[in-house]
Each structure stands twice: as structure tokens, then as C-alpha cells.
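Hello,

Here is the structure I promised to pass on to you. Have a look at it first, and my notes follow just below.

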Amino acid sequence: MSASLPQLLEIVGAFASSDAYSATMGADLLDRLLVTLAVRLRSFSVCTIQRGWRLGFSPFEAITVHYVLRGTGSLRVGQGPWRSFAPHTIIVVPARHSHSLGAAEDCVGEVRAEDHCNLHGDSLISFTAGDGSPDALFVCGQIADTHTGAMGLFELFQAPMVETFPADPVLRYAFELMLSEVTSPDLATQAMTEVLMKQCLIILLRRHLTASDFTSPILAALQNPKLARAVLAVLEQPGAPYSVDSLAALAGMGRTSFAEAFAAAFGQGPMEFVQRVRLRIASRLLSGTDLPVKVVAATVGYASRSAFSKAFEVEFGAAPSQFRLVGGMDEGEPERIEGEPPDTEPT
């Protein structure tokens, strides 16, 4: 998803005080994060599970997202408890954790996904457990974090989510369209499915952002109005001359307490976040525009092209001109990890 410079720099609001921070503003910040930081959700498979069977997945270097189009069953991450699902459920599994889908009890048999893999259509693959009867049918995708993806924010995601939307008309329609696409794959089925999957994911994250009892480290950090003020400022004006002191002032906090709170919430220091935002936006400008590298560097806050090029190459492994030449953000598929993580459900 490409974003123009005006979109990136559009001012969405300022926070007058902590009390002014609202769920609407939080959702707007989430939208900005998803667009600006280029969160990429890729559909990669269709899964069919016969009643009584179980399909196991090895851990991936990416967050895995399953959309339950038909059927019921349960999810288990590692050796954690089983959690049930129904149609119109979104299941989000953290990176680097194995998981199983299907029968929690009276299991007839369990197979590994990679051992029962076939081509489904339009670059999608199919994983099958049982005789192919689609008692439970899923379309699955991954949020890749290649090149540090969304500033590493999704690396903080460590707890599985299982969310069902039985009465939401928008999501119900999206699920029905996905079901139609994957049961009769055609040209551009993968592209259409990815659009629908991302729409559903944004609605899911927005719902969790506004839930008072939600405890995900990613979205909980965005619920902190003081930290959110600083994050939003960086996203609105990435080229401004930020320092830890200036960001702390925006947050209405002392320098030390702000730096500690920011690092605890986002897993990185404030200035590291600023640089990664700048470089991520620069990568989008290099991929989607013909602006000279010097102009891109100045736009995102670098005083010289040489300093920008050095930082960019450290982050992306290629000089800005080379990055633009080879197609920029065209990422490869996440690789499966060899070996198992600890047999405990993440908390």
C-alpha cells in the first residue's frame, strides 16, 4: 500500500491534554501506523480440516493470521490451552511459535501443514488435514517483518488473539467474499483476498485498541496519551528536528521518565524510533516517486545525502539508488524456523 507525501504529512489532530485523548484519536493513530509504517499482510494459503482432524504449523518468522470462513474447532499455541473458534473468526498467532488448528479432543489424526501442501490457485497453496472435506475452511496470511517492517512494533506482539465477528455486517460481507474467492479461485484471487484480509485486520486492531481490557504491548502503548502524542508528532512531521528532550516535552514528561517509558512500551529508544520512521517513509518515497535522493533525504529530516545514504544502507542493506533500482519494498516470503520454541503459550 503506497502513501503520498501529503497523506503522510497530513495533520490529524493535536492533543491539548491527557483527557483529550479518545478512542477515536487512538483509532486514527492506528490507521496512520498501518499506512505509514507499511504493515504488509500477505495471503499465502487455504487450509481445509476434516472434522476430527488437526493441522499443525511449524513456527514462522512472521505473525500468522487465519480467517475462519467455515466450520468450528480450536487453536493451540505451543503447549498452551485450547481456544475455540467459529465462522467469521480472526486468529492471530505470534511469530516464532508453533500452533495447531482443529479438534481439541477425540482427535482422529494430526498432520503437519508442510507435509500436506498442494497448489490451490493464483499463487495460493493449500494445506489439508483429513480426506479434503472442508468441514473447517480457512484463508491464511502472514505479516512479514522483513527490513524491520513496522518499526519493530509487531515484534512486541507475543499473545495469540482469537476474535469472532458474528454480527458485524462489514466483516461478514468481507468473509463471504473471501469464501467465494478461495472456493472458486480465478485471476487476481490472491490480490483480492489480501485486500479483504487487511480490511478485517484493521477492524480487529481498532476494536482491540478501544477495548479497556486489552493488554497487547503494541496497542496498549498507543493507549498511553503521553507516548501517543510523541509518536503522532513523529508520524505527522518526520523531518522535524527531534531530540529526546523535545519529544519528552511533547509528551509532557521528564526526559528520563519519557525515555524509559518509551523504551519499555516500544522496545526501542525514542531516537531509534524517529530514525526508523524516517527511513521507512524514505523507502516508500524512493519506491513510489521519482524524487531525487537528496530531496528524499531532506524531506525526512537528514541534513546531507551522505548521512542519509549511510543510515539507509545500514537499515535496508542497500544504498538508496540501488534500493529504488531493484524495486524497493518487494519483500520475500518469511522462512520457516528450524527447531521449536519453549513449549509454553506466550503470555
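The accessible surface of the protein comes to about 15,200 Å² (Shrake-Rupley method, 1.4 Å probe), and carbon and sulfur atoms hold 53% of that area. Please keep in mind that this is a predicted model, where local features need pLDDT of at least 70, side-chain atom pairs count only at pLDDT 80 or more, and totals for chains, interfaces and linings use all residues. Residues are numbered from 1 along each chain as its sequence is written, and side-chain values use heavy atoms, with hydrogens and water left out.

On the fold: the protein has 12 helices and 12 strands (DSSP runs, H or I of at least four residues and E of at least two, numbered from the N terminus). Of its 347 residues, 51% are buried (under 20% relative accessible area, 1.4 Å probe, protein chains only).

Now the interior. The largest nonpolar core (buried Ala, Val, Leu, Ile, Met, Phe, Trp, Tyr and Cys residues joined through side-chain atoms within 4.5 Å) has 35 residues, and F258, F308 and F312 have the most contacts inside it. Elements giving two or more residues to this core include α6 (225–236), α8 (255–266) and α9 (270–288), and α9 gives the most, with eight. Leaving aside residues up to four places away in sequence, F258 touches (heavy atoms within 4.5 Å) L227, A230, V244, L247, A248, A251, M253 and P270. Another core, of 26 residues, lies apart from that one and has I90, V92, M161 and L201 among its members.

One more residue to look at is S74, in strand β4 (residues 73–77). S74 counts as buried because its relative accessibility is 10%.

Best wishes

Key:
Buried means under 20% relative accessible area, exposed over 50%, partly exposed in between (1.4 Å probe, protein chains only).
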